[in-house]
Every structure is written in structure tokens, then in C-alpha cells.
Amino acid sequence: MRTARRVMMIAASCLVAVALNANVSGTAAAPEQAGSEPLSKTYRVTRAKDVEFQKLAPFKVFDNLYYVGPGYVSVWLLTTPQGDILFDTAQEPYVDHVIAGIKKYVDPKDIKYIVLSHGHLDHFGGAARIQELTGARVVAIDQDWKMIEDVGSRPGRDGSPPPRVPKRDMVVKEGDTLTVGDQHLIFHWTPGHTPGVLTTEGITVYDGGKPYKAIVWGGGGYRGGLKDAEDGKASTDKVATIKGVQVNLQIHSWAEPVGYPGGGVLERSLLLAKRKPGDPHPFVDPVTWTNWVKRAQDTMAKSVETEKQKAAAAK
Ligand SMILES: [Zn+2]
């Protein structure tokens, strides 16, 4: 009995290893999980600068949704029979990797829109090249178009030439909608992390034909100061009013203890690879989403109080 159980345990752990290699292996190096460290931490912290390691093999998440980003920042490809939508683009030196991932699943010319979550280079750095390749419209909020233009007009930190940035294209504002095939997207202005964070509601993903409502929250938290904290709080409260969210398409994988309970994108991708017929889809998790947003509301309320105290002490 004991032996049998042990054999089963070994078999199970081999399955995990196989799933890990099949699903999230880099194109050059197999991922190594450093002890019990979550995979998202390995990608965002421990091996953040390891370019070849970051080149995660792209993977299918739903019938119509694929992950084509490097390991530390998400790029989501949403497909419809009438054209595809890309959420974020990563940055150099990963843009070729993202393009290869896109080509694995669709004809790049079928991408009609590139939706940018916010004006930080790690999310929009590939937009100019991918727009050139696809002819897609690039979508962002006015304030973050300004950020993108600023980034494109200044030399890099090390004095390198300014990065290539997309030209101001499609400007959306709170409540604007976009229909592509069966997708009816609703855009929300949720500033705080940057002045023009763009949150996309109304994404429908299908699992074996069954629809689920997904969201891309364009960036939470705030950068510091009372104004940003108040913006961040108002934005979090706005996100909390969006009902019926079942799937959180994170812009960065980030797991516990500081990140998403139950695992971020990468941790859930391991569960997805091990999923058996009839098992629930590990990305469909409305309860965690609701609790997470509540927690973010509490955190932002506390941040506003802290910033108020700081402001009062500085007077
Ligand atoms: Zn950011």
C-alpha cells in the first residue's frame, strides 16, 4: 500500500515536470523553479534580466485567447473571425519573440487593434513595430499617449537613442466601446498607476464553446503622492462596479504572497497544462477576482489616508 502510494506520488511529480516543460519552457532554456519560489517571481525578479529565459513558449488559454508575451509582462492575443485584438506588446528585446508567438496562431495582418493598458515602455515598447507589421490601429487614452510621446522624445537612461514609439493613433475615453466580431469591448479610464490607465471590460473568452467574461485591468496601485492615491482609489472603486467578471487577464503574472491569490498567469498556466477533461478552467475564478478587487479598494483607502498624513506633516 505504502509503496503503491509512493509510486503514484512519483508518477504525479513526473507529470508536473512534463507539464512544466510542455507549457512554459523558454525557447532556449527550460524553466527552473528556484525551490518553492512562484514562477512569476522567478520571471519578474530572480531572472528578470535573463533574456533567453524570458522567451516563454506561447500558449493557448481559451478557444480564442493566447498568451504570446515574455514571462515578465503579458501580451494577450484575442481572436475573432472578423479580426484579432492584441492587448499590450511587451518591449525590446522581446518584440521578435512576441511576433513569432502571434504568427504561431494567426496571420499578423488579421490583427485589427492593439490596445495599450498604459504608457509604460514594458507594455507599449513593441507597438510601433507590431503596428507596422499588422496595420492595426493602436488604442490608448489621451494622457498616456502623452506619456508615450514623451518617452519617444527622450534618450534612454543610458544615453541610448529614444525608443521607437507608435504615433498617436486611436484615442479612447471613459465609456467608449469597440466591436470586433463577437467582441463588444467597453473601455474605462482608471488612472493612478499612470494618468491614462486603460481598463477593458466586455471581453468574451470561450472554453470548449462556453463563454466567460474577462477583463484587462490596465494597472492598479499608484506611483506616490496624494493626487495619484486619490485617483487610484477612485479607479479601484470604478473597477469594483464592473459586475460579472469571471476571468482576470493580468498585465503581469504575479502570485502570492504579494500578488494574486491562487496564482498569477504563469502559475495558472501550469494548472491548465495538468487539467483533465471535466476539470474547471484554472483561469475562470470569479471569487478570487471579487476578493482581490475588495482588497485593492481597502489598500487604496489606506494609501489615501497615509498620503493625507504625509501632506499634513509636510505643511
Ligand atoms: Zn506600469
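User: Where is the place of V171 in this structure?

Analyst: This is a predicted model. In it, V171 sits in strand 7.

User: Does V171 count as buried, exposed or something in between, and what is the reason? How do I read that?

Analyst: Count the C-beta atoms around the residue. A residue is buried with 20 or more others within 10 Å, and exposed with 12 or fewer. V171 has 14 such neighbours inside 10 Å, so V171 counts as partly exposed.

User: Which residues does V171 touch, leaving aside those up to four places away in sequence?

Analyst: V171 touches D142 and W145. Look at A140 too. A140 is 31 residues from V171 along the chain, yet their C-alpha atoms are separated by 5.5 Å.

User: Now the sheet around strand 7. What holds strands of a sheet together?

Analyst: Strands pair through backbone hydrogen bonds, in a parallel or an antiparallel sense. Here, seven strands form an open sheet in the order 1-2-3-4-5-6-7, with mixed pairing. Strand 1 (59–62) and strand 7 (170–172) are the edge strands, and each pairs on one side only. On average, neighbouring strands of this sheet are turned by 25 degrees against each other, direction ignored.

User: In which sense do strand 4 and strand 5 pair?

Analyst: Parallel. Strand 4 (residues 84–87) and strand 5 (residues 111–115) are joined over four bridges. To find the register, start at F87: V115 in strand 5 stands opposite.

User: Which helix packs on this sheet, touching strand 4, strand 5 and strand 6?

Analyst: Helix 6 (residues 127–134) does. The direction of helix 6 makes about 165 degrees with that of strand 5.

User: Which residues touch the most other members of the largest nonpolar core?

Analyst: I114 and L116, in a core of 65 residues. Follow I114. Leaving out residues up to four places away in sequence, I114 touches L86, T89, A127, I130, Q131, A136, V138 and V139.

User: Next, helix 4. Which of its residues are buried?

Analyst: In helix 4 (residues 95–105), the buried residues are V95, H97, V98, G101 and I102. Look down the helix axis. These buried residues fall within an arc of 160 degrees, so they line one face of helix 4.

User: What covers the buried residues of helix 4?

Analyst: The cover includes strand 3 (76–78) and helix 6.

User: What is usual for phi and for peptide bonds?

Analyst: Most residues other than glycine have a negative phi, and most peptide bonds are trans. Now go to the loop between strand 4 and helix 4, where D88 lies. D88 has a positive phi of about 65 degrees although it is not a glycine. A90 is found in the loop between strand 4 and helix 4, and has a positive phi of about 60 degrees, again without being a glycine.

User: Are D88 and A90 buried or exposed?

Analyst: Buried. D88 has 28 C-beta neighbours inside 10 Å. A90 has 26.

User: Which peptide bonds are cis?

Analyst: One of them runs from E92 to P93, with omega near 10 degrees. P93 lies in the loop between strand 4 and helix 4. Another runs from E256 to P257, with omega near 10 degrees. P257 lies in the loop between strand 12 and helix 9 (265–274).

User: Strand 12 belongs to which sheet?

Analyst: Five strands form an open sheet in the order 8-9-10-11-12, and the pairing is mixed. Strand 8 (177–180) and strand 12 stand at the edges, each with a single partner strand, so one side of each has no neighbour in the sheet.

User: How do strand 10 and strand 11 connect?

Analyst: They form a hairpin with two residues between them. In the turn, G208 has a positive phi of about 55 degrees. Strand 10 (residues 198–207) and strand 11 (residues 210–216) pair in the antiparallel sense over six bridges. V205 stands opposite Y212 in strand 11.

User: How many bridges join strand 11 to strand 12?

Analyst: Two, and these strands run parallel. I215 has N248 as its bridge partner, while A214 has V247.

User: What about the protein overall?

Analyst: The protein has 10 helices and 12 strands. Of its 315 residues, 43% count as buried. Among contacts with a separation of 6 or more, 65% come from residues 24 or more positions apart.

Key
Residues are numbered from 1 along each chain as its sequence is written. This is a predicted model: local features need pLDDT of at least 70, side-chain atom pairs count only at pLDDT 80 or more; totals for chains, interfaces and linings use all residues. Two strands pair if DSSP finds at least two bridges between them. Axes are lines fitted to C-alpha atoms, for helices over the stretch in contact, and angles run from 0 to 180 degrees between N-to-C directions. Two residues are in contact if their C-beta atoms, placed from the backbone, lie within 7 Å. The arc is that of the directions from the helix axis to the C-beta atoms. A nonpolar core is a set of buried Ala, Val, Leu, Ile, Met, Phe, Trp, Tyr and Cys residues joined through C-beta atoms within 7 Å.
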